[in-house]
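Student: I would like to go through the terms used for this model and see how each one is justified.
Tutor: Then have it in front of you.

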There are 2 protein chains.
Amino acid sequence: MTSTTRERIVQAMSASIQARGMNATGLNDLVRDAAAPKGVLYHHFPGGKTQITIAAIDESVDRLESRLERATERGDDVLDALTMWLERAAAGLRESSFALGCPLATVALETTPDDRDIRVALDAAFVRLRGVIAAGLQREGRTANDAERMAFAIVAAYEGGLLQARVAGQVEPMVEACRFVLDLMRARP
Amino acid sequence: MTSTTRERIVQAMSASIQARGMNATGLNDLVRDAAAPKGVLYHHFPGGKTQITIAAIDESVDRLESRLERATERGDDVLDALTMWLERAAAGLRESSFALGCPLATVALETTPDDRDIRVALDAAFVRLRGVIAAGLQREGRTANDAERMAFAIVAAYEGGLLQARVAGQVEPMVEACRFVLDLMRARP
DNA sequence: GACGTGCTAGACCGACTGGTCTATAGAATA
DNA sequence: TATTCTATAGACCAGTCGGTCTAGCACGTC
């Protein structure tokens, strides 16, 4: 086993959130998937399920952010880079038989305003992802204001399209929604 | 009590899904909110929690569809009508202190492909809502293809924006994302 | 070797879950 | 009045939940 117990637990949580969501993920499932005994949860995550969820969010956004940075900083047109990202996301969704979604969005809809710590982590996560997109757009001459608004819209189209695609069992809702938004943006400098 | 026991249970489920999601809603919560004894669940919903969830989805989409039809069939410009809808949604979100979301999206992210019946109900729900929007756009001269694509994008922007707004604790992500998409569409005949 | 420390290991807990059961009240039909 | 059907009513069930506990193992450092 190359990874630490703690890492395996966080990864199991991320994966299960993508497929089933936070509330449908039991701590027993987690220790089974991570091949760990129950007690390690108490040791590594004294904050309980909330702490594991936040760790999974942080791990997910780290991964997403670096992939997004790599895609948008390659010098090509940012909107083209996002279109390619979209194609790969669609392929991945189909490969998973429409089982896997975005872990951030799923947890977002499972929380109430009382889950303060989780929502703070989620908000910070979306701020970072939008920041990468907006930075790329600004590098291409968009104003800070325009870039931020476009980032809102791009992330929204992706999350909202993905959600419709999963229940439809086909990628079209996600692909069409995102492509439509990206094309309109391209047409308007 | 003006409504039937069955209706009160379905409404309690809809409301709780909006706030907490399906998995965080216990059957005990439901019968408490509906002021009903446990046994009525067995009687009215022999299909268990799944059947209650589907009934809540159907009830929600009936309500949403009729409101959306009323808004888009008034003869005004459809995109203007949707902008007004957006303003009201933003006001409602703020009023709820960012507690209430879309019941369809929440359940969508809590289900797996194994939850076939629920996903079928959700897909049908989104098809109906997109259908109302696309019909309005076609009445204004858009082609069927364009109208459908625009409906994908509008619903996606709404759901994705709402999700970001809830964790951010401010309406901007939803308002900016939707307004941006609607404005771009207006600029392109 | 003794000791402290970081971590593994799994038994165990009360609370709660979705779901089932039987008893019965009330209205409609015979 | 007798019977039937629909719906209410709440006790009850096995299973699972998140979480806690103590025991012990493999390390270093004194």
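Tutor: First, a definition: helices here are DSSP runs of H or I with at least four residues, numbered from the N terminus. Note also that this is a predicted model.

Student: Which helices supply at least two residues each of the surface near DNA strand D?
Tutor: In chain A they are α2 (27–33), α3 (39–44) and α4 (48–72), and chain B adds α3 (39–44). The most comes from α3(B), with 4 residues.

Student: What makes a residue count as near the strand?
Tutor: One of its heavy atoms must lie within 4 Å of the strand. There are 16 residues around DNA strand D, and those that come nearest are A:Leu27, A:Lys38, A:Lys49, B:Thr5 and B:Gly39. By class, this surface has 9 polar, 4 nonpolar and 3 charged residues.

Student: Why is the pair between A:Lys38 and DNA strand D called a polar contact?
Tutor: An N or O atom in the side chain of A:Lys38 is 2.2 Å from a base oxygen of DNA strand D. The limit for a pair of N or O atoms is 3.5 Å, so the pair counts.

Student: What does A:Leu27 offer to DNA strand D?
Tutor: A polar backbone atom of A:Leu27 is 2.6 Å from a phosphate oxygen of the strand. For A:Tyr42, a side-chain N or O atom is 3.5 Å from a phosphate oxygen of DNA strand D.

Student: Which residues have the most contacts inside the largest nonpolar core?
Tutor: They are Leu104, Met174 and Met185 of chain A and B:Leu104, B:Met174 and B:Met185; the core has 136 residues.

Terms used:
Residues are numbered from 1 along each chain as its sequence is written. Chains are lettered from A and ligands numbered from 1 in the order in which they are written. This is a predicted model: local features need pLDDT of at least 70, side-chain atom pairs count only at pLDDT 80 or more; totals for chains, interfaces and linings use all residues. Side-chain values use heavy atoms; hydrogens and water are left out. A polar contact is a pair of N or O atoms within 3.5 Å; within protein, one must be able to donate a hydrogen and the other to accept it, and residues adjacent in sequence count only if both atoms are side-chain atoms. Ala, Val, Leu, Ile, Met, Phe, Trp, Tyr, Cys and Pro count as nonpolar, Asp, Glu, Lys and Arg as charged, and the others, Gly among them, as polar. A nonpolar core is a set of buried Ala, Val, Leu, Ile, Met, Phe, Trp, Tyr and Cys residues joined through side-chain atoms within 4.5 Å. Buried means under 20% relative accessible area, exposed over 50%, partly exposed in between (1.4 Å probe, protein chains only).
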